[in-house]
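User: Please take a close look at the aromatic residues in this structure and at the nonpolar core. I would like one connected account rather than a list.

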Amino acid sequence: MEMERHSTMESIDDEPRLLPRVFIALEYVENEEMFNFYIKKMEDPPLFVEGRKGECIARLTVIKNISRRTWMGRERVISAQEISEKSSQVFKTLSVRKTNPTVFNEFFSHPVESDLFHRTLLRIQLVDVDKREREVVIGEADYWINSNPIHRFTQFAIPMRVARPDLGELEFSLMYQPTIGRVVAADIVATNLPSLKDTKKLVVHGRLFVKRHLVEEEKSEELIQLNEESTRFENKLMFDVSGKELPDSTIILTLRQFGQEGWSSVGEISVSHRNPSSDRLHWTKMLSRLREKHTEIHKILPAI
């Protein structure tokens, strides 16, 4: 397939990329009023976590006859409720193993009338598939199909925003001990949680990844006395990380609950060495039921 190449980010290769991006080729055949799109791959997908089988799909939704800007001329955010009220068509790729990059290589077509070409949005979503075949959106991007010329197949690199549902916070203290090569996560507090009516136990599960490979696992105590406003875990999570491994390390903390269906993940937060200050920490939201609004970092030595 012959196609032109275009990046939606002018300096995307000049800066470190912490968010996923999707490579997709688009074409609009005007005389046939047909919109064709080919999703190639996604780069830098979030790490898969405990309780998931590491597979994902790409969900692509074509929404027609939708306004791009407000009455004041400003570009606006399109809500899921608004999409459901419009004429839309959903396409899904086959489920594939999540790797870096994650390759889909699938082609789709959908008719788009010429008078609606300038009012058609393509919403691209990266969706995790868990062991029960449930789908959880972990990243998405919106692209108006008239943003660039697509009279022939043209490939775009589109950055994706990470899904951030508003479901509570996970606060903790982080410390690195360079003399013994250890990262310690302590004073872990889960606040503003959703209803815990059917929850019998809560636990924080920690995983250390080095170069995206699982190296070590830790978990806190299991809490039986639960408080939706504030639940504190006393156990510290300790991970052995040498100074040489630190630049390639990521720690993921997952809040898990035990209910009627057994253990399941509530949500998670991940932190890497690259963003050491509290206002620059790199969070990766991977599940649909937790949002980390604020994290207190009490102890961080210069070595981190």
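**Aromatic rings and the nonpolar core**

Analyst: Phe 37 and Phe 91 are both buried. The model is a predicted one. These two residues form an aromatic pair of the edge-to-face kind, with 5.4 Å centre to centre and 80° between the planes. Because Phe 37 belongs to strand S3 and Phe 91 to strand S5 (residues 87-92), the pair ties together parts that are 54 residues apart in sequence. The structure holds seven aromatic pairs. Ring pairs also join Phe 37 and Phe 91 with Phe 35 and Phe 108 in a cluster.

Phe 35 leads from this cluster to the core. Leaving out residues up to four places away in sequence, Phe 35 touches Phe 108 and, among others, Leu 26, Tyr 28, Val 62, Leu 122, Ile 145 and Ile 150. The polar or charged side is represented too, with Glu 27, Ser 109 and His 110 among the residues that Phe 35 touches. In the largest nonpolar core, which has 30 residues, Phe 35 is one of those that touch the most other members, together with Leu 26, Ile 39, Met 42, Leu 60, Leu 122 and Ile 124. Strands S2 (21-29), S3 (34-43), S4 (52-64), S7 (102-111), S8 (121-130), S9 (135-144) and S10 (154-159) each give two or more residues to this core. Another core lies apart from it, with 23 residues that include Leu 174, Val 183, Leu 193 and Leu 253.

One further ring has a charge as its partner: the charged end of Lys 41 sits over the ring of Phe 23, at 4.8 Å from the ring centre.

Technical notes: Residues are numbered from 1 along each chain as its sequence is written. This is a predicted model: local features need pLDDT of at least 70, side-chain atom pairs count only at pLDDT 80 or more; totals for chains, interfaces and linings use all residues. Side-chain values use heavy atoms; hydrogens and water are left out. A nonpolar core is a set of buried Ala, Val, Leu, Ile, Met, Phe, Trp, Tyr and Cys residues joined through side-chain atoms within 4.5 Å. Buried means under 20% relative accessible area, exposed over 50%, partly exposed in between (1.4 Å probe, protein chains only). Helices (H or I, at least four residues) and strands (E, at least two) are DSSP runs, numbered from the N terminus. Contact means heavy atoms within 4.5 Å. Rings of Phe, Tyr and Trp (its six-membered ring) pair if their centres lie within 6.5 Å; planes under 30 degrees apart count as stacked, over 60 as edge-to-face and the rest as tilted. A charge sits over a ring if NZ of Lys or CZ of Arg is within 6 Å of the ring centre and within 35 degrees of the ring normal.
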